[in-house]
Amino acid sequence: MDASENPTPESAEQPEPVEVVDAAVETETVVEASESAAESDESAEPAEPAEPAESADAPAGPEPLNLDKLADQAERPDEAARDVMRTRLAELAVPAAGLGRLEELAVWLAGARGDGRARPIERARVVVFAGDHGVASLGVSATAPEQALAVTAARVKQIEDGGGAVGVLARLHGATVRVVDVSVGRPSGRVDQEDAATREETEEAFRLGMAIADAEADSGADVLIPALVGVGGSTVASVLSGVLTGKDAAAVTGRGSGVDDAAWMRKCAAVRDAMRRGRPVLGDQMDLLAKVGGRDFAALTGFLLQAVIRRVPVLLDGVTTTACAMLVQRIAYRSPQWLLAGALSPEPAHKAALDRLSLEPLVEGYDVRQAEGALGLLALPMLKAAAALATELATFGEAGIPEPVLRSRV
């Protein structure tokens with residue numbers, strides 16, 4: 001189900017809440033009903049065997065996800081729009097290449113929007129996927145294992161109420177926040193020794209993420225900042241990053257929520273064991289998510305892929321988001337062209353993932369560990385500045401300033 005969200009422009013249509021059914025409870029109910037029916041029929045005469053129902057009458061479930069077909073829908077950004085923006089930037093009444101990397105951001109934004117006409121960013125949207133992780137029971141977080149579920153729920157409530165770093169920064173930078181409850185209170189399997197989820201649960205969560213991306217694109221979001229909240233999330237992200245980059249567990253395992261040496265050693269061992277389970281299914285992204293990811297990671301991955309397909313610019317958050325971005329890269333190799341990296345965290349898996357994606361963070365050197373959307377929002381002003389300058393700065397002709405005759409673009 002979708003949790004409540006921060007104030008959203010009234011014109012933005014939101015999708016209907018998605019109800020998450022507890023499969024275990026549903027199965028238990030069916031079993032009890034079957035046993036009761038069996039007891040009541042003990043004295044009855046054996047019935048004639050029923051003829052099998054025709055397959056045409058059976059309810060058809062969703063078709064299995066075809067990632068190859070989805071990948072075919074991921075196109076390149078609009079190069080013509082980029083050229084239009086490059087021409088405008090060359091005519092601005094500023095020193096040659098005077099805007100530095102901001103010019104690159106303006107060109108990137110034009111290509112992603114498919115429109116070379118400069119315009120500001122007005123509808124930045126943070127989407128936080130929430131879920132619990134069974135690996136948190138190993139004490140791999142600064143949160144005590146017995147408090148993990150309560151802490152995730154409390155963080156979700158805090159974000160819903162407009163709090164936390166993501167709420168503060170969203171208000172500061174004019175963004176809105178949405179929380180999607182994927183598996184809060186229903187932790188994934190302990191990935192060091194069991195699957196995080198079934199294949200069916202993984203595909204269902206992946207489709208949920210795609211649906212959320214469609215809804216945000218339809219509502220007019222012009223920049224999406226996906227994120228994840230849940231105790232143990234950085235451990236799962238380290239597992240995925242290690243498998244996808246080929247690095248050892250120690251090279252991708254960081255301090256996460258600020259753990260001490262003993263907890264880091266437990267976390268490193270869990271990442272190592274989970275990576276051993278994940279490597280054999282590296283070639284199948286859905287199986288990898290089911291083995292060592294989880295429903296929240298699957299939803300975030302589906303969201304990223306569909307955002308690329310819908311041609312919506314994406315600003316990445318921290319280590320969890322970049323781990324999912326690497327999965328999307330394996331599905332659709334063009335996808336990194338639609339992504340920007342936000343602020344760089346001190347997590348080693350974050351840097352390893354960005355290197356694999358060939359992305360440079362927009363903000364470096366601050367060692368901010370807090371993610372949950374904050375790392376993406378810290379970089380949002382850079383992207384908004386690029387769009388605003390390209391929109392509002394006058395050209396030499398508009399300003400009535402003679403264009404330099406000895407100007408170089410070097």
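Visitor: Which residue takes a positive phi of about 140° just after α11?
Guide: This is a predicted model, in which local features need pLDDT of at least 70 and side-chain atom pairs count only at pLDDT 80 or more, while totals for chains, interfaces and linings use all residues. Residues are numbered from 1 along each chain as its sequence is written, and side-chain values use heavy atoms, with hydrogens and water left out. Helices (H or I, at least four residues) and strands (E, at least two) are DSSP runs numbered from the N terminus. Just after helix α11, the positive phi of about 140° belongs to Gly294.

Visitor: At the start of α11, which backbone nitrogen does a side-chain oxygen of Asp284 reach?
Guide: A polar contact is a pair of N or O atoms within 3.5 Å; within protein, one must be able to donate a hydrogen and the other to accept it, and residues adjacent in sequence count only if both atoms are side-chain atoms. The side-chain oxygen of Asp284 comes to within 3.0 Å of the backbone nitrogen of Met286.

Visitor: How many of the eight residues of α11 are buried?
Guide: Buried means under 20% relative accessible area, exposed over 50% and partly exposed in between (1.4 Å probe, protein chains only). The buried residues of α11 are Gln285, Met286, Leu288, Leu289, Ala290 and Val292. Their cover includes α2 (67–72), α7, α8, α10 (261–278), α12 and α13, counting as contact heavy atoms within 4.5 Å. Of the eight residues in α11, the number buried is six.

Visitor: How far apart are the C-alpha atoms of Val292 and Val191?
Guide: Val292 is found in α11 (residues 285–292) and counts as buried because its relative accessible area is 0%. Leaving out residues up to four places away in sequence, Val292 touches Val191, Ala196, Val236, Val239, Leu240, Ala274, Arg277 and Gly278. Val292 and Val191 are 101 residues apart along the chain, yet their C-alpha atoms are separated by 5.1 Å.

Visitor: Which residue's backbone oxygen lies 2.8 Å from a polar side-chain atom of Ser238?
Guide: Ser238 sits in helix α8 (residues 233–245), and its relative accessibility is 0%, so Ser238 counts as buried. Beyond its neighbours within four places in sequence, Ser238 is in contact with Val252, Thr253, Gly254, Val271 and Ala349. The backbone oxygen 2.8 Å from the side chain is that of Ser234.

Visitor: Which helix gives the most residues to the largest nonpolar core?
Guide: A nonpolar core is a set of buried Ala, Val, Leu, Ile, Met, Phe, Trp, Tyr and Cys residues joined through side-chain atoms within 4.5 Å. Of the 73 residues in the largest one, Phe129, Phe206 and Leu304 touch the most other members. With 10 residues, the helix that gives the most to this core is α12 (residues 295–309).

Visitor: Which helix supplies the largest share of the lining of the largest cavity?
Guide: On a 1 Å grid over the protein atoms alone, a cavity is a set of points where a 1.4 Å probe fits but cannot get out, and lining residues have an atom within 4 Å of a point. The largest cavity has a volume of about 60 Å³, taken as the space filled by probe spheres set on grid points joined across faces, edges and corners. Both α4 (101–113) and α15 (374–392) supply at least two lining residues. The largest share, four residues, comes from α4.

Note on methods: On a 1 Å grid over the protein atoms alone, a cavity is a set of points where a 1.4 Å probe fits but cannot get out, and a pocket is an open set with protein on both sides within 12 Å along at least five of seven lines; lining residues have an atom within 4 Å of a point.
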